[in-house]
Amino acid sequence: MNRLESLSKQKGLNAYVSLSGTTCYITSNMFYIEVQVEKDGKVMDVKLAHLGEAPVACDDLVQHLRMKNYDVFGNILEDLSNVYQIPGNSEMKAKGYLALQALEKDLYSMSLLDRPQDVNRITEVLHGKVGHLVPRTGGTPMNIEFYVSPYQILEAELNPGSQVCGTKTVVTVEGTDTFHKLPLSPLLVDSQAGEDGNPAFSPLTDELSMDLPAFFVLKFHQPIPMSSSSIEEIQRLTGIQITGLKLAPLYELIVQSTLKEKCSEDLSTHQCCFFVSLPDCPKHCYFLNKGSEKSDLAGALVSKIPFSHPKCVPGVIEILRHQVAYNSLLSSCVSEKHINEDDSELLYFEVVPHKNTSFSVFFLHPAKENLACVIIDVITSREVQCHLHLNPQDPTLNSSDDFITRAMKRCMSVPVVMRAIFRNAAKVKADSETQDVEVDTKQKPEPPCEQMTDSNSLEESLSAAGQQDLVVTHKSSITESPKENLSTARLETPGDNMEKSNPTVSTETLCGVEESNSTAV
């Protein structure tokens, strides 16, 4: 009881304990929470009542208190208070809560549009109009899970019993200095989408809406690095500016966000060189060219997205999916460790940004000293295209554009795909040497080997990549290697001296790879 009283006061709320000592009331002008406990302190029940509503049991709050998750319980108290942080009197605050309820009902109805009865959660996350929506229960606000990486899905397949947790956003309302017309009643006309496939809404009339000093927001647990173009697209869609943004090179923001997620210690976000270890493959060294603050390559950390109409949400979710898919590809090249533990052989790669959501990965040809390049274009969260470019005089790497694209969709990991390309190239080299010996002994040569990377090898890479031994170092470490000619100065977009690789690939091989990718979402 003492802990509840102290926590309530920290959050600006009042707390009262009954004379029996078994009930604690946490109150504000707009809501109250009733906590019932036994004499030994075991929590029996928690009820929440908003102004003018009957109390409802909150199993989520009961579990948090029984597990002594006081920090989580405190955050819920804070979220409940923030719902009512709207300028004006109690009636104005109550209208803001009413608008939030109307929005939640519309979003839930939209989540059911064209939704098969047996749809699984992952499919809903990646393809649902509003992702996988979990309605508000008790003190826990409505949340939307809108993206999960294929890499995470494969890791879950390789580790039965593990739970895949994707990127989420919380739906709530916040007070503002300006007025916005917010709906006070659900606006979705019916449960069927319109002729264009989009939901149909009733007009925002004075009877169904009210001008309030508030707007709806999608809030993120951790800020999401977003490109300037994505931010502008969202602002055009919602008609509301996202304020408080600080522009910086997008790649630097992605590195910063990834390191913060992976590390418990503080690391310099100015690091741009990362080492990635995979089994049966030399260690990879990735140099991330962070670009500049120019429009196409700049971005900002976005912690919330304001909007005023439920029709904006599906479009915003799709933009978010696209951005997070792009971020996850780049973050696959980033590591949390910063000590080079051995002097093993290294393969060098440079990741160079292009406009919008495309980038290049440059590397030295395995058999020659010329540069090769894979251009990766993240068209949508579900569509990625890859193109391999080689010097015309260099031998094939036995990895077609189609193979690389499907491998990338399968895992969304740059190191795993680069490993597959080098494996195929090594197989070609080995078979070529074998054929030379057979020709010398006047034996009939065997046909060239086809692409060898299948689902098992990709999954092997993924399983090990989930436990990567990644090392962060300074850019100067690259120049200490004999391969120092892989420098930023030489890494330009492929020009006349590069051409697309078009190796011969058997139908059987492509079908095999197709099968290996058939489970990718």
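This report describes the sheets, helix packing and selected residues of a predicted model.

Residues are numbered from 1 along each chain as its sequence is written. In this predicted model, local features need pLDDT of at least 70, side-chain atom pairs count only at pLDDT 80 or more, and totals for chains, interfaces and linings use all residues, while side-chain values use heavy atoms, with hydrogens and water left out.

**Confidence**

pLDDT is the predictor's confidence in each residue, from 0 to 100. Its mean over the protein is 82, and 77% of the residues reach 70 or more. Over residues 460-485 pLDDT stays under 50, and the model has 77 contacts there beyond four places in sequence. Residues 499-521 also stay under 50, with 48 such contacts beyond four places in sequence. Contact means heavy atoms within 4.5 Å.

**The five-stranded sheet and its helices**

Helices (H or I, at least four residues) and strands (E, at least two) are DSSP runs, numbered from the N terminus. Two strands pair if DSSP finds at least two bridges between them. Five strands form an open sheet in the order β1-β2-β3-β4-β5, with antiparallel pairing. Its edge strands, β1 (14-17) and β5 (56-57), each pair on one side only. Within this sheet, β2 (residues 23-27) and β3 (residues 31-37) are joined in the antiparallel sense by five bridges; T23 stands opposite Q36 in β3.

Two helices lie across strands of this sheet. Helix α1 (residues 2-10) lies across β1, β2 and β3 and runs at about 160 degrees to β1. Helix α3 (residues 70-83) lies across β2, β3 and β4 (43-50), at about 155 degrees to β3. Axes are lines fitted to C-alpha atoms, for helices over the stretch in contact, and angles run from 0 to 180 degrees between N-to-C directions.

**The β18-β19 hairpin**

Strand β18 (residues 371-378) pairs with β19 in the antiparallel sense over six bridges, and a hairpin of five residues joins the two. V378 has V384 in β19 as its bridge partner. Five of the seven residues of β19 (residues 384-390) are buried, that is, under 20% relative accessible area; exposed means over 50%, and partly exposed lies in between (1.4 Å probe, protein chains only).

**Packing of α8 and α9**

The axes of α8 (residues 250-262) and α9 (residues 312-331) come within 10 Å and cross at roughly 75 degrees. The two helices are therefore roughly perpendicular to each other, a term for angles of 65 to 115 degrees. From α8, the contact uses L250, Y251, I254, T258 and K262; from α9, Q323, Y326, N327, L330 and S331. These residues divide into five nonpolar, four polar and one charged. Ala, Val, Leu, Ile, Met, Phe, Trp, Tyr, Cys and Pro count as nonpolar, Asp, Glu, Lys and Arg as charged, and the others, Gly among them, as polar.

**Loop residues**

C333 lies in the loop between α9 and β16 (346-353). Not counting residues up to four places away in sequence, C333 touches F274, V276, Y286, L288, V351, V414 and P415. C333 and V416 are 83 residues apart in sequence and 10.0 Å apart in space, C-alpha to C-alpha.

Most residues other than glycine have a negative phi. D280 has a positive phi of about 55 degrees, and phi of M412 is near 50 degrees, also positive. The table gives the accessibility of these loop residues.

| Residue | Loop | Relative accessible area |
|---|---|---|
| C333 | α9 to β16 (346-353) | 1%, buried |
| D280 | β13 (273-276) to β14 (283-288) | 62%, exposed |
| M412 | α10 (401-411) to α11 (414-440) | 5%, buried |

Definitions and conventions. Parallel < 35°, antiparallel > 145°, perpendicular 65-115°, else oblique.
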